[in-house]
Amino acid sequence: MRLLDKSALVTGAARGIGKGIALQFAQNGCDVAVADIDEAGAQKTADEIRALGRKASAHRVDVANEDDIRRLVDDTVAAFGRLDIVAHAAGILRSSAVVDQDVADWDRVVAVNLRSSFLIGKYAGKVMIPRKYGRMVFIDSCASKTGEAFNAVYCASKAGVRLLAHSLSLELAEHNITVNSIAPGTIDTEMIQTCLRDRAPLYGLSFEDYLHQFNESTPLKRMGTPEEVGKLAVFLASDDAAFITGTSVNISGGRESH
């Protein structure tokens, strides 16, 4: 077990990639604080972690809210005695042409994706620095490296996450805290299904045709799974990756190569 008796905080863990990470952490011996704006979903994930024999706590948070993040970090330390690992997977998107993008939607995506990453790094870093140990894993995206039509706000916010993680890795290296990010391609989650359904008509395609096009343009000819992202997060959070920091790791079936 790569994370035996470590404690972790995972955001966006009610479903999708965040849940995949939380369950993989637990399967590798880690106690997990499960955070999401969906309180019932967070509790369900926490119950599944307890069924694996690990401790879990569930927290309802708006990750863009500073008070919520400060409280979340404090509550995690109170529950487990320390905070070893943070995996920040909460995120949203709003598909639109830039000229038609609602400004409120733009602001909310930036807040949930990028502002929240700053808040997580700030408050998790404050409790990790005195212990001279920590592992931070952020979720950026292949869309942080290559622009996409009708997805500008997501691309811009995730590019910000990637560079924030890199900058943070330089600041925290002297404290034995590594900071990396994961760049998923198309992972089979509710969010990607919603994304493809929203964007298909913007390209003049049906959902089925757009999904087929996406899979065919992926060298491995399929979507990834939250479990596969979770396994990568386990590696980056483990001492096997102790000399890896400041890196964005693609997990895209070959769609992204830089």
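A pocket here is an open set of points on a 1 Å grid over the protein atoms alone, where a 1.4 Å probe fits, with protein on both sides within 12 Å along at least five of seven lines; lining residues have an atom within 4 Å of a point. This is a predicted model, so local features need pLDDT of at least 70 and side-chain atom pairs count only at pLDDT 80 or more, while totals for chains, interfaces and linings use all residues. Residues are numbered from 1 along each chain as its sequence is written, and side-chain values use heavy atoms, leaving out hydrogens and water.

**View 1. The second largest pocket.** Its lining includes Phe118, Lys122, Leu164 and Glu171. H4 and H5 each chip in at least two lining residues (helices are DSSP runs of H or I, at least four residues, numbered from the N terminus).

**View 2. The largest pocket.** Here 49 residues form the lining, with Gly91, Ile92, Leu93, Tyr154 and Met191 nearest the centre. H6 gives the largest share of that lining, 7 residues.

**View 3. The largest nonpolar core.** Such a core is a set of buried Ala, Val, Leu, Ile, Met, Phe, Trp, Tyr and Cys residues joined through side-chain atoms within 4.5 Å, buried being under 20% relative accessible area (1.4 Å probe, protein chains only). This one has 31 residues, and Val10, Ile21, Phe25, Ile49 and Ile182 have the most contacts inside it (contact: heavy atoms within 4.5 Å). Apart from it sits another core of 29 residues, Val63 and Leu168 among them.

**View 4. Around Ile21.** Skipping residues up to four places away in sequence, Ile21 touches Val10, Ala87, Ala89, Ile139, Val229, Gly230 and Ala233.

Methods
Buried means under 20% relative accessible area, exposed over 50%, partly exposed in between (1.4 Å probe, protein chains only).
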